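Q: I'm new to this structure and would like a close look at one part of it. Could you take me through the pockets and then the surroundings they share with the rest of the chain?

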Amino acid sequence: MRLLVLGVDAEGRSCVTEQREAVDFSAIPGIPGSTIARLFGTSESPPRSGPPGEGKKASDNPAAGLISWYVVNHEPYGPGEKDNAATELHHRNVLELIFIIEGGGDMILGDGPHHVQSGDCIVMAGTSHGLRPGPQGCRLMVFAIGGVQAA
């Protein structure tokens, strides 16, 4: 299991700001045989999303503090196929917590492509991004929490 936290670099491009190749599990007190790995948390509600991104702002943004939970299926992306709304840089005014269930591909950020695969966890706070699915396609689960856009 790998964790990627996305953000913005000094030039204002979306990028990976933190990457953990493995997450640490620890025992849950009082529950024998169970462990937990804390991936991410917030310190304010509603959460802050990043500054406006370099990509197009998507129109499907839940209001600040509201939650949307969904699964997205992306069909395989063939060589030479034209970019579409999924592959072009776009951003939302939300904090998105993503888990790659099956398949993978390239997460397109302002600083270039980053390979993602089954088992990866991604934190995006309004970060400009796109996704180019690989040969097996990509199925991902997303928890989107409406945020307050940073200045």
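A: Here is a walk through the pockets, followed by the strands and loops that connect with them. Keep in mind that this is a predicted model.

Let's begin with the largest pocket, which has a volume of about 480 Å³. It is lined by 23 residues, and the closest to its centre are Ala85, Ala86, His90, Arg92 and His129. Several strands help to build that lining: S7 (67-74), S9 (94-109), S11 (121-125) and S12 (130-146) each supply at least two residues. As for chemistry, the lining of the largest pocket divides into 14 nonpolar, 4 polar and 5 charged residues.

One residue worth a stop here is glutamate 88, which sits in the loop between S7 and strand S8 (90-91). Glutamate 88 has a relative accessibility of 43%, so it counts as partly exposed. Leaving aside its neighbours within four places in sequence, glutamate 88 is in contact with Asp83, His129 and Gly130. You have already met His129 as one of the residues closest to the centre of the largest pocket. Glutamate 88 and isoleucine 108 are 20 residues apart along the chain, and their C-alpha atoms are separated by 7.9 Å.

Now for the second largest pocket, with about 220 Å³ of space. Its lining has 23 residues, and those nearest the centre are Leu6, Arg48, Gly50, Ala125 and Thr127. Two elements, strand S1 (3-8) and S11, give two or more residues to this lining. The largest share, 4 residues, comes from S1. Here the lining splits into 10 nonpolar, 10 polar and 3 charged residues.

Let's zoom in on glycine 50, one of the residues nearest the centre of that second pocket. You'll find glycine 50 in the loop between S5 and strand S6 (56-57). Its relative accessibility is 13%, and because buried means under 20%, glycine 50 counts as buried. Setting aside neighbours within four places in sequence, glycine 50 touches Ala125, Gly126, Gln149 and Ala150. Among these, Ala125 is also one of the residues nearest the centre of the second largest pocket. If you follow the chain from glycine 50 to glycine 146, you cover 96 residues, while their C-alpha atoms are separated by 12 Å.

The loop just before S5 has a detail of its own. Proline 46 lies in the loop between strand S4 (35-36) and strand S5 (48-49), and a cis peptide bond joins serine 45 to proline 46, with omega at about -5°.

Next, back to S7 and S12, two of the strands that supply lining residues to the largest pocket. A search of the whole structure finds 1 aromatic pair. Its partners are tryptophan 69 and phenylalanine 143, which are stacked, at 4.9 Å centre to centre and 20° between the planes. This pair links distant parts of the chain, with tryptophan 69 in strand S7 and phenylalanine 143 in strand S12, 74 residues apart. Are the two partners buried or exposed? Tryptophan 69 counts as exposed, at 57% relative accessibility, and phenylalanine 143 counts as partly exposed, at 33%.

S12 also holds glycine 137. With a relative accessibility of 0%, glycine 137 counts as buried. Apart from its neighbours within four places in sequence, glycine 137 is in contact with His74, Glu75, Pro76, Glu102, Gly103 and Gly104. Isoleucine 122 is 15 residues away from glycine 137 in sequence, and the C-alpha atoms of the two are 17 Å apart in space.

Isoleucine 122 leads us to the last stop, the nonpolar cores. The largest nonpolar core has 15 residues, and Ile98, Ile100, Met107, Val116, Ile122, Met124 and Leu140 touch the most other members. S1, S9, S11 and S12 each supply at least two residues of this core. Valine 116 shows how different stretches of the chain come together: leaving aside neighbours within four places in sequence, it is in contact with Arg2, Leu4, Ile100, Gly104, Gly105, Met107, Ile122 and Leu131. Apart from this core lies another one, of 8 residues, including Leu3, Val23, Ala37 and Ile145.

Notes: Residues numbered from 1 in each chain as written. Predicted model: local features only at pLDDT ≥ 70, side-chain atom pairs only at ≥ 80, totals over all residues. Heavy atoms only, no water. 1 Å grid on protein atoms, 1.4 Å probe; cavity = no way out; pocket = protein on both sides within 12 Å on 5 of 7 lines; lining within 4 Å. Points joined across faces, edges and corners; volume = space filled by probe spheres on them. Nonpolar A, V, L, I, M, F, W, Y, C, P; charged D, E, K, R; others polar. Phe/Tyr/Trp six-rings, centres within 6.5 Å; stacked < 30°, edge-to-face > 60°. Buried < 20%, exposed > 50% of the residue type's maximum accessible area, 1.4 Å probe, protein only. Core = buried A, V, L, I, M, F, W, Y, C linked by side-chain atoms within 4.5 Å. Contact = heavy atoms within 4.5 Å.
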